[in-house]
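Here are some notes for a colleague who is reading this structure at the bench, set out as numbered points. They are meant to be read with the sequence and the coordinates open alongside.

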Amino acid sequence: MDVTLHLAQDPEADALLGRSPLAALVGMLLDQQVPMEWAFKGPRTIADRLGAGAGGDLDPHEIAAMDPEAFAALLAEKPAVHRYPGSMAKRIQQLCQYLVEHHDGDAEAVWRGVPTGAELLKRLEDLPGFGKQKAQIFLALLGKQLGVTPQGWREAAGAYGEARSFRSVADITGPESLDKVRAHKQEMKAAAKSAKSAKISGK
């Protein structure tokens with residue numbers, strides 16, 4: 001992997017995401033209940049706090065073997081990596097432990113050479129912390145921006161795989177597209193809130 005991403009809207013954080021499969025996975029894992037840019041800046045912050053230095057990367061073996069309390073404390077340092085640093089630290093460690101156990105720590109092996117989108121979706125869903133929606137969004141990111149395009153990847157990614165759909169981080173290529181994705185998410189939240197209110201009032 002060596003591409004230019006714009007998910008964190010921060011040059012150093014985005015550079016890490018574009019060259020590191022593990023950083024991209026960790027960013028996707030963090031992308032819940034916080035702004036997207038905050039989530040995808042997380043891998044760079046973690047790498048810095050682990051002493052990776054400029055141009056460094058996350059080490060799945062190191063993270064997998066760390067004392068859970070020490071790793072949670074590292075994420076909780078201000079500015080915190082996530083709104084819920086303790087629970088996210090646990091999930092990141094579980095992800096790294098899974099990668100070490102099943103892929104010898106090689107995150108890219110999750111998708112390298114996988115022949116079909118359906119199989120790749122299943123592999124992503126097998127990762128700790130990745131439900132179907134998160135797996136579909138990451139699959140769309142792989143296909144749209146990271147050059148991973150197995151047969152049927154758009155279909156496997158569902159609506160997130162549609163060209164220029166602006167539904168998720170898979171479509172963010174700069175500030176303008178970030179605004180479009182954020183607007184779509186706000187529309188979805190508003191629609192869900194409206195549906196919930198209608199259901200309550202209809203009882």
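**Notes on the predicted model**

1. The largest nonpolar core in this predicted model has 65 residues, and those with the most contacts inside it are Leu25, Ile46, Phe71, Ile92, Leu124, Leu127 and Phe138. Helix α2, which spans residues 21-30, gives the largest share of this core, with 8 residues. Leu127 can be followed from the core outward through its contacts: leaving aside residues up to four places away in sequence, Leu127 touches Leu25, Leu95, Tyr98, Leu99 and Val110.

2. Helix α2 itself deserves a separate look. How many of the residues of α2 are buried? The count is 10 of the 10, so α2 is largely enclosed by the rest of the structure. The buried residues of α2 are Pro21, Leu22, Ala23, Ala24, Leu25, Val26, Gly27, Met28, Leu29 and Leu30. The elements that cover them include α1, α3 (36-49), α4 (60-65), α6 and α8 (132-145).

3. The packing of α5 against α6 can be described in some detail. The axes of helix α5 (residues 68-76) and helix α6 (residues 85-103) come within 8 Å and cross at roughly 125°; angles from 65 to 115 degrees count as roughly perpendicular and those over 145 as roughly antiparallel, and α5 and α6 are therefore oblique to each other. The crossing of these helices, α5 and α6, is right-handed. On the α5 side the contact is made by Pro68, Phe71, Ala72, Leu75 and Ala76, which meet Pro85, Gly86, Met88, Ala89, Ile92 and Gln93 of α6. Sorted by class, this contact of α5 with α6 has 9 nonpolar residues, 2 polar ones and no charged residues. Phe71 and Ile92, both named in this contact, are also among the residues with the most contacts inside the largest nonpolar core.

4. The loop between α5 and α6 holds Pro79, and the peptide bond that leads from Lys78 to Pro79 is cis, with omega near 0°. As background, most peptide bonds are trans.

5. Two residues call for a check of the backbone, as most residues other than glycine have a negative phi. Gln9, although not a glycine, has a positive phi of about 55°, and its place is in the segment before α1 (11-19). Is Gln9 buried, exposed or partly exposed? With a relative accessibility of 33%, Gln9 counts as partly exposed. Phe166 is likewise not a glycine and has a positive phi of about 50°; Phe166 is placed in the loop between α9 (153-156) and α10 (175-201). The relative accessibility of Phe166 is 15%, and because buried means under 20%, Phe166 counts as buried.

6. Helix α10 can be read through two of its residues, beginning with His184, which is found in this helix. At 16% relative accessibility, His184 counts as buried, and it touches Phe166 and Arg167 when residues up to four places away in sequence are not counted. Phe166, as noted under the previous point, lies in the loop between α9 and α10.

7. Lys193 also lies in helix α10, but its surroundings are described by another class: at 63% relative accessibility, Lys193 counts as exposed. As a distance for orientation, the C-alpha atoms of Lys193 and Ala73 are separated by 35 Å, and these residues are 120 residues apart along the chain.

Note on methods:
Residues numbered from 1 in each chain as written. Predicted model: local features only at pLDDT ≥ 70, side-chain atom pairs only at ≥ 80, totals over all residues. Heavy atoms only, no water. Axes fitted to C-alpha atoms, helices over the stretch in contact; angles between N-to-C directions. Helix = DSSP H or I, 4+ residues; strand = E, 2+ residues; numbered from the N terminus. Parallel < 35°, antiparallel > 145°, perpendicular 65-115°, else oblique. Left-handed = near helix turned anticlockwise from the far one by under 90°. Contact = heavy atoms within 4.5 Å. Nonpolar A, V, L, I, M, F, W, Y, C, P; charged D, E, K, R; others polar. Buried < 20%, exposed > 50% of the residue type's maximum accessible area, 1.4 Å probe, protein only. Core = buried A, V, L, I, M, F, W, Y, C linked by side-chain atoms within 4.5 Å.
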